[in-house]
Structures are given as C-alpha cells and as structure tokens.
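User: I am new to this structure and would like a close look at a single part of it. Could you walk me through one helix and its surroundings, and then show me a few other spots to compare with?

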Amino acid sequence: MIQISGLYKSYGRQIVFEDVSFAVNSGERIGITGRNGSGKTTLFRLILGEEHPDEGSILIPKDYRIGYLNQHIVFKAHTVLKEAELSIPPSETGTDESYKAKMVITGLGFEELDFKTDPYLLSGGFQVRLNLAKTILNDPDLLLLDEPTNYLDIVSIRWLRQFLRAWKKELMIITHDRGFMDSISTHTIGIHRQRVKKIEGSTHKLYEQIIREEEVYEQTRLNDDKKRREMQEFIDRFRAKATKASQVQSRIKAIQKRETMAEMRDLKNLDFEFNVEPFRGRYLIDVQNLSFSYNKNSLPLISNLTFNIAARDRIAIIGKNGRGKTTLLNLIAEEVKPDKGTVVHDPKLKLAYFGQTNIQRLDPQKTVAEEIIDVMDENNIRKARTIAGIMMFEGDNSLKKVSVLSGGEKSRVLLGKLIVRPANLLLLDEPTNHLDMESIDSLMQAIESFDGAVVIVTHSEMILKALADRLIVFDDNEVKVFEGGYQDFIDRIGWKDERLTLQPDSPKSENGSALNKKDLRRKKAEIISTRSRTLNPIQQRIAEIEDTIVWIEDKMKEDTEKLVVYSQNGGWQDCHSLSESLKKNKEEIERLFDELSALTERFQEKSEEFERMLLQF
C-alpha cells in the first residue's frame, strides 16, 4: 500500500497540489483524470521520487517495486523478442517463462517478422510499444501507465484493455480515453482545483459527485456572504448606540472568527459548434474502384474501394496503424491522387480537414490569432480573438506564439481554424489526440450536433460506438465497407487477430471438446440475444429517468417563477405550498440522479461482460 499525506507542491506561484491525501490499496486499479496541466504526470513523478513534495509525505513499503512506462528509449538486446525477454523477472520455481514475452509483444501489435528486428530500427511508435511490453513483463507491484494508448492501434488497445482488467496487483493509469479508463479501473482519482478526490467507481460517478459538492459549496458561500453582510449592516447602523454596544461587539468578534469562503474560479471548457454549409444534393463525394499504393512493387494499401458520402453520414475509418487510414482521408480530400478509380466531389462540397500532420503546418512564429486570421475571408483581428476565446485562448492568450503551445493547445488552434469557414463535410484524423476528457466531450457534442457529414479516423471505441453508423475497415490486408455501427461489426465480424487468437477461456462443449463452427455461431447468437434481453430494459429505464428529470426541472422552473410573483404580491400561503413542492421535487431529482448513476454503471459493467464473452468467438 502507498500512503500519501498532506501533499503540497508548487512551481513558483503555481500551486499544483494542496493538502492532498489518499492511499493506493492492494489490488486497486486507479484511473487518474484531470485537465491538461492539472498535475497528473507530476503525481507520478512524486511517487517515483523523481520530484519531491514541498510539504507532506509519500510512504512506500520496503522492496515495493514500481514499474513506469518510460518514454526514454534504451535497448540492450539485438532483437525485439530478446529485449522483451530481458524484462521478465526470474521465476521462483525456475521454470522458463519466456513465452510471456511473445504473448505480450504480439498483443501489442508486433508480428512474427518483427521478433528478430533490431529494436533501434523500429519506428518511434513501436519503440514505445516495446517499452510498454517491457514495463508489463517486469511484473511490478505497482504499474504506472501515462497515456499508454497513444501509440497503439485499435486492436492493440483492445488487447491491452483485456490484459489490464486481469492485472492482480496495483495499477495507476493516466489516459484521455474515458471509455478505456472506465473499462479497466476499480477506482478513480480526480485532480481538481489543486486537490485530489478518490472514489470507488467510474469517471462519470466522480464528476457527478464533484458537481454536487460544488453546488453545495456555492450555496453555502452565498448564504455565508448574506449573513456576513447582515452582521456588517447591524454593526454600521448601531456602532454609535451605547445600548447596542454589547451586541455590536458580539457581531464584530463573530465576523473576525468567521472564515471567508473563497469564490470558486470558473473553469473554462470548449464550447463551440462547427459552421454548417447547407447541402441539398445526393452525395457530397462519390468514390468508385479506388486503388492506391506508395510502392508499385508491393501490395496496394487500398484496392477497388467503392463508397459514397451522403449529407448526414457518420463514417469511421478503422484499422491498425500504417494500413492506409490517413492515406484514404488524403485521397478523399484530393491531397493525393489515386492510382486507379475516381473521387468525385460535388460542386457544392465545402470540406474542413483536421489532419495528423496539420499541427506541423502551423507556423511557430505566428500567434494563435494570426493562425485563425489566415483562414478568414477578412483581416478581422477582433473576430479572430473571439474565436480564439471560444477555443480557450482568452484575452492576451490569443497573442501566444504557436512555438510555446502544448500539443493540446495546438489541437485547439486547428479546431478554431476549422470552425471559421462553413463546411458540409468534416474529415477528422485522430482529432482527440492531446485533448483532455472535458475537451473531448465538447468535441463529441459538436460533432453530434453538426448538420453535415463526418468521416473520422479514431482508435477510441467509446467515440466509435457513440458516433459511427458506417465503417471503412482496414483488416486482413484488405479494406471493406461495413454497413452498420462499431458494436455491430464486433458482434458479427470482429478483428482478424482476435478471431485467430486462441483464448484461454475459449468456448467448449459440455464434454470439454472445442465447439465446431455451427455450434460457435449458435453460442454467439445466444449471447447476443441474452445481451439484448439484459441491456434493453436498463436502457429503457435510463431513458425514462432522463425524461422524468427534464419534466421535473421544467416544473421547478415554472414554480420558481410563480414563487417570485406570489412573494411580491403577498401570497404567503401559495408561497409556502410552492416551497414545499420545490423541496420535494429537488429531493426527487437527487434520488433519480442516484438511480441514473447506478443504472449507467450497471449498463457499462454488463456491456463489458458481454463484450468479453463475445471476444471468445
């Protein structure tokens, strides 16, 4: 167990942690959430001893081993497999456990051809993957993972999620992928306003608690301010009257003893909409028999691909890294010419493209406002600074140069440039990279409300399940269109690697023998049917509660307006009745929110349980 007590850490005037205390208990898998710059990575450095607190203590048991995903690349062996094997601790029984290395590096996306490759010849992304494999294979008592999915593709992320769910020791993970974090963690830590809050449960449950606590704090602060003003008015009014001297002194002492509750600083969130250009035609883009290859002597990345993009489509392009997803976006945007086939743009097409390489296209010497002005029809600095403010670059922050911005800030600059001009098609290539959870939530809301088409490349299963209604799938050395959502794809087809991988708990018949294909299909159909019978009633109840909450909130708003009128006109009996009604409705809303939180958590747990069962097929 790790015990952190009274932790205080600052850098000059910037306070990172103030009076932070919590414990990491045996077997806990803790997700750490907080805004960019809130101190998540600093917390890891403090636990590792790479930095030291200004006040407080971090107690770590003797001989307690901590493993950390290090971005620093140092390799000792001449092959990928040997390098991974070096990290496996000696077995207490003396048995050979080198098989674990092959299992882990395969799960993280290495193919058998890579096993004998010199690690220094790998791409940067695969070098980080190898570091991740080494960290896992070292089997530490506490595993610290800082954005482990950054260089992984969707198949490797699914494998890592299953692996970490089975992790029996302690785990602390930082990731911007809310779905990934919630699917593996038993507890959540929120770093919020320089303090740390730890709960058992998901990020959803944590944020609900924080919102409720801040509402109570703010109401208490307002009541305290009101009481303080009343006391001060009494003092000012009766200070000169001898008959009131004792009462005045009593109130002066009370004010002096009363601590002032600080007003909470507003925390800015992204709050924007994409600018829509109306489209009345049939297809924005029509793609016919598309083929492309960078090397004419190798297999094409894309071969004979045909699809179209209609006005309200939500299309996700998914697959492993390096298989052609970004290339396909570039072909759609006509930034690359196909070897064969056609990409036909409607004359009314207005395209907005958020690309992985676009961050490098930002001019380091320009300011945020100047970058936005570059895509405007007019040189309007006031309008540019307004858009910068929407992207959380308020005031003089819009005059910051690109060279000093973080990755997340540069992503927000690109989003700001995207919303300047009207569009009816968004091409988004990993738009959530470098964004924190709050910004990702805002981006998803903006995409959902966009009244045009969206084509997105992402490895986030949470986003895929929420947004996609069609898929373009790169898998098994080919690319195909799948008519349906992501969960439907997983249920009906799934990834080739997962279909071929022998699961330790693969379905068996009652006598223990492997099921044949017909029985496997039947078993899978039974699980899908059971999932529907289990999850549909929960979804229905969630929808009912949400509708009820909206209805009660509307009723409370109406009653509050009546209460103001009655109080002004002296209708005290009506005021009393309305006050009682408001009190009961507030209590009912709190009860419904508690039920909603429990049902949402249950829905997520059952969904993940059925997904694990379906992964066996």
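Analyst: Happy to help; here is a walk along helix 4, followed by a sheet and a few single residues.

A word on ground rules comes before the tour. This is a predicted model, in which local features need pLDDT of at least 70, side-chain atom pairs count only at pLDDT 80 or more, and totals for chains, interfaces and linings use all residues. Residues are numbered from 1 along each chain as its sequence is written, and side-chain values use heavy atoms, with hydrogens and water left out.

Let us start with helix 4 itself. Helices (H or I, at least four residues) and strands (E, at least two) are DSSP runs, numbered from the N terminus. Helix 4 covers residues 124-137, which makes 14 residues. From its first C-alpha to its last it reaches 20 Å, close to the 20 Å expected at 1.5 Å a residue; the expected span is 1.5 Å times one less than the number of residues.

How much of helix 4 is covered? Most of it: 12 of its 14 residues are buried. Here, buried means under 20% relative accessible area, exposed means over 50%, and partly exposed is in between, with a 1.4 Å probe and protein chains only. Among the buried residues are G125, R129, L132 and L137. The buried residues of helix 4 pack against strand 5 (66-68), helix 2 (80-85), helix 3 (99-107), strand 6 (142-146) and helix 5 (154-165), where contact means heavy atoms within 4.5 Å.

F126 deserves a stop of its own. F126 is partly exposed, with a relative accessible area of 23%. The charged end of R129 sits over the ring of F126, 4.3 Å from its centre; such a placement requires NZ of Lys or CZ of Arg to be within 6 Å of the ring centre and within 35 degrees of the ring normal.

F126 also takes part in a ring pair. The structure holds 11 aromatic pairs. Rings of Phe, Tyr and Trp (its six-membered ring) pair if their centres lie within 6.5 Å, and planes under 30 degrees apart count as stacked, over 60 as edge-to-face and the rest as tilted. The rings of F110 and F126 are edge-to-face because their planes stand at 75°, with the centres 5.2 Å apart. This pair links distant parts of the chain, 16 residues apart: F110 is in the loop between helix 3 and helix 4, and F126 is in helix 4. F110 is buried, at a relative accessible area of 2%.

What follows helix 4? The answer is D139, whose phi is positive, near 55°. Most residues other than glycine have a negative phi. D139 is not a glycine, and its place is the loop between helix 4 and strand 6. With a relative accessible area of 34%, D139 is partly exposed.

Now for the comparison spots, beginning with N289. Phi of N289 is also positive, near 50°, and this residue is not a glycine either. N289 is found in strand 10 and is partly exposed, with a relative accessible area of 44%.

Strand 10 leads us to a sheet. Three strands form an open sheet in the order 11-10-13, with antiparallel pairing; two strands pair if DSSP finds at least two bridges between them. Strand 11 (302-310) and strand 13 (340-345) each have a single partner strand and stand at the edges, so one side of each is left without a neighbour in the sheet. Strand 10 (residues 283-292) pairs with strand 13 over five bridges, and S291 stands opposite K340 in strand 13. Helix 9 (residues 325-332) lies across strand 10, strand 11 and strand 13, running at about 60° to strand 11. For such angles, axes are lines fitted to C-alpha atoms, for helices over the stretch in contact, and the angles run from 0 to 180 degrees between N-to-C directions.

A last stop is G355, in the loop between strand 14 (351-354) and helix 10 (358-361). G355 counts as buried at 3% relative accessibility. Leaving aside its neighbours within four places in sequence, G355 is in contact with L414 and D429. G355 and L414 are 59 residues apart in sequence, yet 9.0 Å apart in space, C-alpha to C-alpha.
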